[in-house]
Amino acid sequence: MFRSFTLAAIAAITLPFAAQAQDAPDGSKAFGIEPYVGIGAGYHDFDRRGASPLNNAPDSTDGSLIIGTAGVNVPLGAFFVGAEANLAYGFDEIDWEYGAAGRFGVRIGESGLLFGKVGYQWIEEERGFKDDKGMLYGMGVEVGPQDIGLGGVTGESGVRLRLGVDTFGDFESIRPNASAIFHF
């Protein structure tokens, strides 16, 4: 009973938005395929309460990152699904990170996205200790110029600002990040 009521409530809220789906002002389509690339930065901080998941040492591993992203979204009216790959070069104690994830979410505002993602990530530590790999979970928001009041300045530039946070393994770390996403 509760499940049926919940599904009915979600449908009643979201169907009007999907029925009115149209191209966003930044040029992204209501339906189709939207490839994108991005460049950004982040900081990967592993839990300091226990052993590092990378090298089983008593200290933790963390570091700043420069992150490159490439992916594709498939808009489905008010919603979207997609896939993306990332490659990050680390400073401090992390050497490289790379992975792939599936994305899903809802389109918000003029050109924004609210998303969650699930994937797999590989991490190589700079000091030559054991590398690690595991599940990656994340969430975030992307906003276009129209959503933050810059539509008159930038027009239909196809650029979004992404703010996100990811976690690795069994929620052993936190990786806040920000990127400029260019879709075409």
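**Figure 1. Burial and fold of the predicted model.** Of the 184 residues of the protein, 41% count as buried. The model is predicted. It holds two helices and eight strands. Along the sequence, these elements run α-β-β-β-β-β-β-α-β-β. Take the contacts with a separation of 6 or more: 57% of them join residues 24 or more positions apart.

**Figure 2. Confidence along the chain.** Mean pLDDT for the protein is 78. A value of 70 or more is reached by 67% of the residues. Among the elements, strand β3 (residues 79-90) has the highest mean pLDDT, 95. Helix α2 (residues 151-154) has the lowest, 46. Residues 15-21 stay under 50 throughout. For this stretch the model has seven contacts beyond four places in sequence. Where pLDDT is low, the predicted coordinates should not be read in detail.

**Figure 3. The largest cavity and its lining.** The protein has two cavities of 30 Å³ or more. The largest has a volume of about 100 Å³. Its lining comprises 14 residues. Lys117, Arg162, Asp166, Arg175 and Asn177 lie nearest the centre of this cavity. By class, the lining divides into five charged, five polar and four nonpolar residues. Strands β2 (62-76), β3, β5 (112-125), β7 (159-168) and β8 (173-183) supply at least two lining residues each. Strand β7 gives the most, with four.

**Figure 4. Asn86, a buried side chain in β3.** Asn86 lies in strand β3. Its relative accessible area is 8%, under the 20% cut-off, so Asn86 counts as buried. The side chain of Asn86 makes a polar contact with the side chain of Gln121, at 3.2 Å. Gln121 is also on the list of residues in contact with Asn86, once neighbours within four places in sequence are left aside. The rest of that list is Ile67, Gly68, Thr69, Glu97, Tyr98, Gly99, Ala100 and Leu136.

**Figure 5. Ile66, partly exposed in β2.** Ile66 has its place in strand β2. Relative accessibility here is 43%; this lies between the 20% and 50% cut-offs, so Ile66 counts as partly exposed. Residues up to four places away in sequence are not counted in the contacts that follow. Ile66 touches Ile39, Gly40 and Ala41. Ile66 also touches Leu87, Ala88, Tyr89 and Phe91. Ile66 and Gly40 are 26 residues apart in sequence. In space, C-alpha to C-alpha, Ile66 and Gly40 are 5.9 Å apart.

**Figure 6. Asp170, exposed between β7 and β8.** Asp170 lies in the loop that runs between strands β7 and β8. Its relative accessible area is 65%, over the 50% cut-off, so Asp170 counts as exposed. Asp170 and Leu136 are separated by 34 residues in sequence. Their C-alpha atoms are 9.0 Å apart in space. Leu136 also appears in the view of Asn86, as one of the residues in contact with Asn86. The two strands that flank the loop, β7 and β8, each supply at least two residues to the lining of the largest cavity.

Notes: Residues are numbered from 1 along each chain as its sequence is written. This is a predicted model: local features need pLDDT of at least 70, side-chain atom pairs count only at pLDDT 80 or more; totals for chains, interfaces and linings use all residues. Side-chain values use heavy atoms; hydrogens and water are left out. pLDDT is the predictor's confidence in each residue, from 0 to 100. Contact means heavy atoms within 4.5 Å. On a 1 Å grid over the protein atoms alone, a cavity is a set of points where a 1.4 Å probe fits but cannot get out, and a pocket is an open set with protein on both sides within 12 Å along at least five of seven lines; lining residues have an atom within 4 Å of a point. Grid points are joined across faces, edges and corners, and a volume is the space filled by probe spheres set on the points. Ala, Val, Leu, Ile, Met, Phe, Trp, Tyr, Cys and Pro count as nonpolar, Asp, Glu, Lys and Arg as charged, and the others, Gly among them, as polar. Buried means under 20% relative accessible area, exposed over 50%, partly exposed in between (1.4 Å probe, protein chains only). A polar contact is a pair of N or O atoms within 3.5 Å; within protein, one must be able to donate a hydrogen and the other to accept it, and residues adjacent in sequence count only if both atoms are side-chain atoms.
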